[in-house]
Amino acid sequence: MLILFSLKKWLNLTLVNYSTMNFEKIYLQNPDFPNRYISPEKLFSYLQSNHSDYIQEIGTSYLEKPIYKLSIGTGTINVLAWSQMHGNESNATHAMLDLLVTLDKAPELKEELFNKIKLDFIFMLNPDGSEKWTRLNAVEIDLNRDFHNESSKEIKFLKKAVASTKYDYALNLHEQRTIFTTDGVHPATLSFLAPSENYERTLTENRKKCMAVIAEVYNHLKELIPNQIGRYSDEFYPTSTGDNFIKAGMPTILFEGGHFIDDYTRKGTRKYYTIALYYALKAISELNSDTAGWETYLEIPENQETHYDIVYRNVKLNTDHECILDVAVQYREIKEEGKDEISFVPFVMEVGDVRRRKGWLEIDCTGKKFISATKYPKLDAVVDFKIED
Ligand SMILES: [Zn+2]
């Protein structure tokens, strides 16, 4: 046992031959953060223990939790990124943690990247929402729609960070719901956007800079997860963060981590999110504000809203008249007190003819019994029925 343990430790410490290695081949998940849920306290103590020389508190949340920025690199290309502006989107926080442990094992890759760029990464811009696993902050403000009002404390610190340096690029890191596919079949595991600067969606130089980076990421990732990369809608949102930052002159790229088949804790998404983050930074370091190759962005399929988590087909209700219909169900992610992982609670979203949508899980209920205290499944309520043979 001891020998096995030592061998494993030795293997983990042994450095690989980087010249033949791709980042995706050496990807490591940070073992201190195995769950989709990240406790802010745990993250803060990890950053203090492991990166104390590189972190700075840039402000505090409504509930006085710290907001940390980690700065890494000595290059001349300045990049700003932020995670968990929406508290219930931990993929990007994981991606940065995974990127750091992976690059620690590949010092040549790390040096090559961070000699060219300087990355300021704001972890958990919304720590109060992250604690409760909610999109909104403690006073129920969506930080991503608060650009002009500045009614949240947190958005002011982000804007202050942006004003502190002339950033060449920004990465606005999010997650999207399971409803999106790239083609009606494959989940949009990762979607990207070069946001619009106006209602006309003009192809500006700054948008092309973003598109060129996204195109490079797409070129790498389409080999690894074919048909699972999408393009987010470029409709102009006048109150949202990315649209306003790019309008003000900072090329801002949107990342959206999405569904991965049979993997609601998004470990697969987390892995490819990390790989996408690495290739985005690498592309930034090589392009250095050039727009070469931006046209490839237009080849990326646009996100389509086509799926529910579960669709029960041909459900025969306990009504006096014959009533056969479909029931569509979507999980809600809930953080229960005292648990260190989120729970998935099924809610009824639609009852009737759901032919135009598919379910990640399709259950044919033909000839089966609908067992419920009510005659109809109640909309927007927890699933309280059973289907039996
Ligand atoms: Zn978001």
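Let's start with residues 33–304: the C-alpha atoms at the two ends lie 31 Å apart, and the span is 36% helix and 18% strand. Here helices are DSSP runs of H or I with at least four residues, strands are E runs of at least two, and both are numbered from the N terminus. An unreviewed UniProt entry annotates this span as "domain: Peptidase M14"; such annotations may be inferred rather than shown by experiment.

Please keep in mind that this is a predicted model, where local features need pLDDT of at least 70 and side-chain atom pairs count only at pLDDT 80 or more. Residues are numbered from 1 along each chain, and side-chain values use heavy atoms, without hydrogens or water.

Now, helix α7. Its twelve residues, 153–164, reach 17 Å from first C-alpha to last. Which residues of α7 are buried? They are E154, I155, F157, L158, A161 and V162, with buried meaning under 20% relative accessible area and exposed over 50%, using a 1.4 Å probe on protein chains only. Seen down the helix axis, the buried residues of α7 fall within an arc of 160°, so they line one face. On the other side, K160, A163 and S164 are exposed. The buried residues pack against β1, β2, β3, β4, α6 and α9, where contact means heavy atoms within 4.5 Å.

Last, a sheet. Four strands form an open, mixed sheet in the order β13-β12-β11-β14; strands pair if DSSP finds at least two bridges between them. β13 and β14 each have a single partner strand, so one side of each is left without a neighbour in the sheet. Nine bridges join β12 to β13, and these two run antiparallel. For instance, Y331 has P346 in β13 as its bridge partner.

Notes
The expected span of a helix is 1.5 Å times one less than its number of residues. The arc is that of the directions from the helix axis to the C-beta atoms.
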